[in-house]
Amino acid sequence: MHKLTPLISFIGAEDDNIDLFEGQYPVPAGISYNSYIIDDDAVAVVDSVDVRRCADWLTSLEEALGDSGRTPRYLIVQHVEPDHSGSIRAFIERYPAAGIVSTAKAAAMLRNFFEDIDFSERSVIVSDGDELCLGRTVLRFITAPMVHWPEVMVTLDTTEGVLFSADAFGSFAMSRSGEAWDAEARRYYTNIVGRFGSSVQSLMKKLTGLSFNTVAPLHGPVLTDNLAHYWKLYDRWSRYEPETDGVLVAYASVYGGTAEAARRLASMLETEGAGEVVLFDLCRHDVSYAVAEAFRLSKMVLCSVTYDGDIFPAMHDFLHHLERKNLRGRKVGLVENGSWAPMAAGIMAGMLGKMKDMTVVEPVVTIRSRLHHDDTAAMRALAKAML
Ligand code: FEO
């Protein structure tokens, strides 16, 4: 527990032994489920935590209440996803008189997760722009549908200037992480919220002009300094605009022939001055890191072996992710490998064709089993075409 302001304390929980967050994302540095208490005349708690850390959370909550004998008047449920709603049952059991503040959509969704709990007596439904006075603190609720589920709202403490931002501005990190925010926040954003860029833009429009000095998300560090930096990155990511001029060379290789071609092309791109060049082995690193790099950089070269009359599974998975995350507006080079019937380039082009504003550049390079001396001219031409 630590204080954000004289009335607001962080009471979230750290999780440093989860194998995969949301069943798919590696979090080598752990992740936090953030929760906050506003200790005003009426006590409000902003979101619960994943049931994995329910006991820690309840302990922090009790600690924050101290010996005052006071109990929470409200639990504000900004987002119903179980990493934030998982401990609602335990909260209600301990504080049965508390109201559950949420959007109508959230109230309906809560019934799906807790069908045996009667929320009707305790439900406090709020709409966009509604305010709740806790004493000195006035909270304003701002709906944020599809950031990242339909029921989401964020909450502005208009008194202290604290924006409780739900999943927005969250990160794959513990709350006290000393690491730079950008990389793990980018990986969190692009993989979890990335599909909903237009919804994030809508929320950012609503927040423009409102006054706040602290952003308190549901994962990772609370942001206080240099908010303009985080805002600028969020704006860029949600517009699908790259941050850096450079090329992601992503490859999927069986026996090393395609990997060799990818390495050679990366070297040619560096020689040609193609900006930052990142070589990425899709078979050996989690796809979430590749998705984040595809958002960050302005261009991609995709190198895949032909496999089972298709592309290699790791490349298929990568392109499927990019399509579902709505990535758009990238210049893309293709290198295919095939020992007897190369067909990877056509399949990759077909998958890119389902995305907006993807430009496949010529020449498409075809290699047979391994890179040969005769392939050099085409490889160099592709490197130049990527500039
Ligand atoms: Fe951290 Fe969308 O839940």
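Buried means under 20% relative accessible area, exposed means over 50%, and partly exposed lies in between. The model discussed here is predicted.

**Cysteines**

Cys283 has a relative accessibility of 32%, so this residue counts as partly exposed. A disulfide is a covalent bond between the sulfur atoms of two cysteines. The model has 0 disulfides, with 2.5 Å as the cut-off between sulfur atoms. Cys283 takes part in none. Its nearest cysteine sulfur belongs to Cys303, 12 Å away.

**Asn337**

Where does Asn337 sit? Its place is in strand S19, which covers residues 331-337. Is Asn337 buried or exposed? Its relative accessible area is 4%, so Asn337 is buried. The side chain of Asn337 reaches the backbone nitrogen of Ser369 at 2.8 Å. Ser369 is also among the residues that Asn337 touches, leaving aside those up to four places away in sequence. The other contacts in that list are Gly257, Thr258, Ser304, Val305, Thr306, Pro342, Ile367 and Arg368.

**The seven-stranded sheet**

Strands of a sheet pair through backbone hydrogen bonds, either parallel or antiparallel. One open sheet here has 7 strands with mixed pairing. The order is S1-S2-S5-S6-S7-S8-S9. Which strands stand at the edges? They are S1 (2-3) and S9 (123-125). Each has a single partner strand, so one side of each lacks a neighbour in the sheet. Strands S6 (residues 43-46) and S7 (residues 74-76) pair in the parallel sense, over 3 bridges. Val45 has Leu75 in S7 as its bridge partner.

Two helices pack on this sheet. The table gives their strand contacts and directions.

| Helix | Strands touched | Angle between directions |
|---|---|---|
| H1 (residues 54-65) | S5 (36-39) and S6 | about 20° with S5 |
| H4 (residues 104-113) | S8 (99-102) and S9 | about 120° with S8 |

H4 thus touches S9, one of the edge strands. H1 touches S6, the strand that pairs with S7.

**A helix pair**

Helix H5 spans residues 181-193, and helix H7 spans residues 227-238. They pack at an angle of about 35°. Their axes are 11 Å apart. What is the handedness of the crossing of H5 and H7? The crossing is right-handed. On the H5 side, the residues that meet H7 are Trp181, Asp182, Ala185, Arg186 and Tyr189. On the H7 side, they are His229, Tyr230, Leu233, Tyr234, Trp237 and Ser238.

Conventions: Residues numbered from 1 in each chain as written. Predicted model: local features only at pLDDT ≥ 70, side-chain atom pairs only at ≥ 80, totals over all residues. Heavy atoms only, no water. Buried < 20%, exposed > 50% of the residue type's maximum accessible area, 1.4 Å probe, protein only. Helix = DSSP H or I, 4+ residues; strand = E, 2+ residues; numbered from the N terminus. Polar contact = N/O pair within 3.5 Å; in protein donor to acceptor, adjacent residues only side chain to side chain. Contact = heavy atoms within 4.5 Å. Pairing = 2+ DSSP bridges. Axes fitted to C-alpha atoms, helices over the stretch in contact; angles between N-to-C directions. Left-handed = near helix turned anticlockwise from the far one by under 90°.
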